[in-house]
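Trainee: Could we go through this structure together, one step at a time?

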Amino acid sequence: MSQQTLFDFDNSYVNLSPKLFSNQSPTPVSNPSMIALNHTLVEQLGLNTSDFQTDEGLAVLSGNRIPSGAEPIATAYAGHQFGNWVPQLGDGRAVLLGEIVNKEGTRYDIQLKGAGPTPYSRNGDGRAAVGPVVREYVVSEAMAALGVPTTRALAAVSTGDTVRRETLLPGAILTRVASSHIRVGTFQFFAARRDTETIKLLTDHVISRHYPQLRDASNPPLALLAETLKQQVELIAHWQSIGFIHGVMNTDNASVAGITIDYGPCAFMDTYHPSTVFSSIDHASRYAYQNQPSIAQWNMANLAQCLLAIIDEDEDKALQAAQDVIDSFPALFSESYLSRFRHKLGLSTEQENDEKLIADFLVLMQESHMDFTNTFRQLSTQMDDVQANTLQAQNNTDSFFEKSETQQWISRWHARMQRDNNSTEARVEIMHQNNPAYIPRNHKVEQIIAAATEQNYKPMEQMLSVLSNPYKEQPNMQAYAQAPNEDEIVRATFCGT
Ligand code: AMP
Ligand code: MG
C-alpha cells in the first residue's frame, strides 16, 4: 500500500510527557464517504486538495488508515461541568493524529472527532452523529469567516455505521483543526493531582506555542494567566457582539489559546434577549448570553488556581498576584465590549456616554423583540443621508425604527455621530464590517442537518458558501438573512452526544 504524505507531521505534544495522553488509534468504520472537504482551509494549511480526494485520503479522514508521521493520541483533561468538578474527562471520542506547521510557521493540531472509543470515553461510544458534525462544521466555519478565533473544520465524512442516540442515526467524523486543543481543564487535570512538574511543562509549552512573547516575562506563569485572560476577554466580547451563545462553557471547553472550541448546543440568538439560553441541558441558565463574560472570568479563576504553585512559592503572594489578574477581567471586558459595539453603531472614537447609548438601544430591541442581527445590520439605513444598499430581509425593523422611542434614540445617535467627524461612507463601512448580514441561523442549520441526515449535502454546501462572506449582501440569498417564522423558531439545541 503506497503511503502518500497527506500531512507533514511535526508533533510536539506527544513528546512532552506520556502523562498528558494515552496512545490511541482511531477505530475503523465500515463504509466512509465524503460529506464535505474544506478546500480553502486545505490550501491555507499548505496541504493538497487532490490528496484528500483519493481513497487514501478518505481512509485517513475516516480513521481507517493512519497517515504516515501521525502519532495518534487521546489527551487527558479534567473540568468543571456546569460548575461541578469532574477529575477525569479527556478526549472520549477524539483522536489527535498529530501537528503540522504551515508556511507562516503556525502550528495546528489535526484531530478526528468521532473516531471511536478511548480510555476517556466513560460510558460513551466514542462516536458522533452526522447532525452534530454538520453543525460543528458549518458553525465553526461561519465563526472563522465572521473573524472569530475558532477551531476549524477540514473535512466531514460519514462512516457508513449508525450511532445510537435517542434514535439510530448515521455516524460521521469531523476533522478538526486547532492552534491547539489545550484547555483550562488540561491544567486542572494535573493541578488536581498536585503534579507541579507537568503544570510547568504545560505552561512552557503553551507559552512557546501560543505566546512566545512571554518567554522573557519576569513571571511567565503569571504572564500566561494575564494573557490567557486577555484572549478570553477578546473572544467573549466578540461572541457578544454577534449574538453567539456557546452553551457549554465548562472549563474543559475553555481554550488557553483563546479560540472558540467545542460546538455542542451552541446557537446564534435570533430575537435579542440577554437571558437567552438554547442548550436543553442548561437548566439553571448558567451559560445564558448575558452570563458568558462572568463565566469566562470564573473559568480563568480556575486556571489561576492551577498556576498558583508556580507563580510564587509564597502562597499568599501567589494568591494576591493571581487575584489581581482575575480582578482585571470586568474592566478589560467592558473596554473590549464597548469597542465592538461602538463599531456596530458606526462610531470610531470613545466618548463618555457611549455605554448608555449602546445599552439603551439593546433595551429598545429587547422590548420590541427585535432580531439582533438584522436590526443592527439595518441600523445603517437610519442615518439621515445614507443610501445604504442593505438587503431588505423580511422582518419588522421598519415599524421598530418608526416608533417614537426608537426615533428619540436615533436622534441621540445622530448627535453622537456628529462628534465623530466621520463621513457617512466611513460610518456605513464600519457598520457593515461589524454587523453581519448572515449568521448560521438555527432554523437553517436544522434544515441542512435534516438534509445531510438523508445524505443530501447540497444545502450544507450552499449555506457554507453564503456564510463564507457574512458581511456582504449576496444576490438571491435573502433566505439566509431572514429571521425564522414563528413555526421555524428553534428554542432548544442538543449537544447530541
Ligand atoms: P463535550 O460536552 O462535547 O465537551 O464533552 C464532554 C466530555 O464527554 C468529553 O470528555 C468528551 O470527550 C466526552 N464525550 C462526549 N461525547 C462522547 C461520546 N459519544 N463518547 C465518548 N465520550 C464522549
Ligand atoms: Mg468538550
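Mentor: Happily! This is a predicted model, and a good place to begin is a pair of residues, N253 and D262, both of which are buried.

Trainee: Which residues coordinate the magnesium ion (ligand 2)?

Mentor: Look for donor atoms within 2.8 Å of the metal. The coordinating atoms sit at 1.8 to 2.2 Å from the magnesium ion. They are OD1 of one residue and OD of the other, and the residues are N253 and D262.

Trainee: Which residues lie nearest the centre of the largest pocket?

Mentor: This pocket has a volume of about 810 Å³, and 37 residues line it. One of those nearest its centre is D262, which also coordinates the magnesium ion. The full set nearest the centre is Q81, R93, R122, D262 and T497.

Trainee: Which element gives the largest share of the lining of the largest pocket?

Mentor: Two elements give two or more residues to that lining, namely β10 (168-178) and α4 (130-146). The largest share is three residues, and they come from α4.

Trainee: And which element gives the largest share of the lining of the second largest pocket?

Mentor: That pocket holds about 560 Å³ of space, and its lining has 19 residues, with P132, L169, F494, C495 and G496 nearest the centre. At least two lining residues each come from α16 (442-453) and α4. The largest share, four residues, belongs to α4.

Trainee: How many charged residues are in the lining of the second largest pocket?

Mentor: Split the lining by class: eight residues are nonpolar and seven are polar. The charged residues number four.

Notes. Residues are numbered from 1 along each chain as its sequence is written. Chains are lettered from A and ligands numbered from 1 in the order in which they are written. This is a predicted model: local features need pLDDT of at least 70, side-chain atom pairs count only at pLDDT 80 or more; totals for chains, interfaces and linings use all residues. Side-chain values use heavy atoms; hydrogens and water are left out. Donors are N, O and S atoms within 2.8 Å of the metal (3.2 Å for Na, K and Ca); water is not among the atoms, so sites may look incomplete. Buried means under 20% relative accessible area, exposed over 50%, partly exposed in between (1.4 Å probe, protein chains only). On a 1 Å grid over the protein atoms alone, a cavity is a set of points where a 1.4 Å probe fits but cannot get out, and a pocket is an open set with protein on both sides within 12 Å along at least five of seven lines; lining residues have an atom within 4 Å of a point. Grid points are joined across faces, edges and corners, and a volume is the space filled by probe spheres set on the points. Ala, Val, Leu, Ile, Met, Phe, Trp, Tyr, Cys and Pro count as nonpolar, Asp, Glu, Lys and Arg as charged, and the others, Gly among them, as polar.
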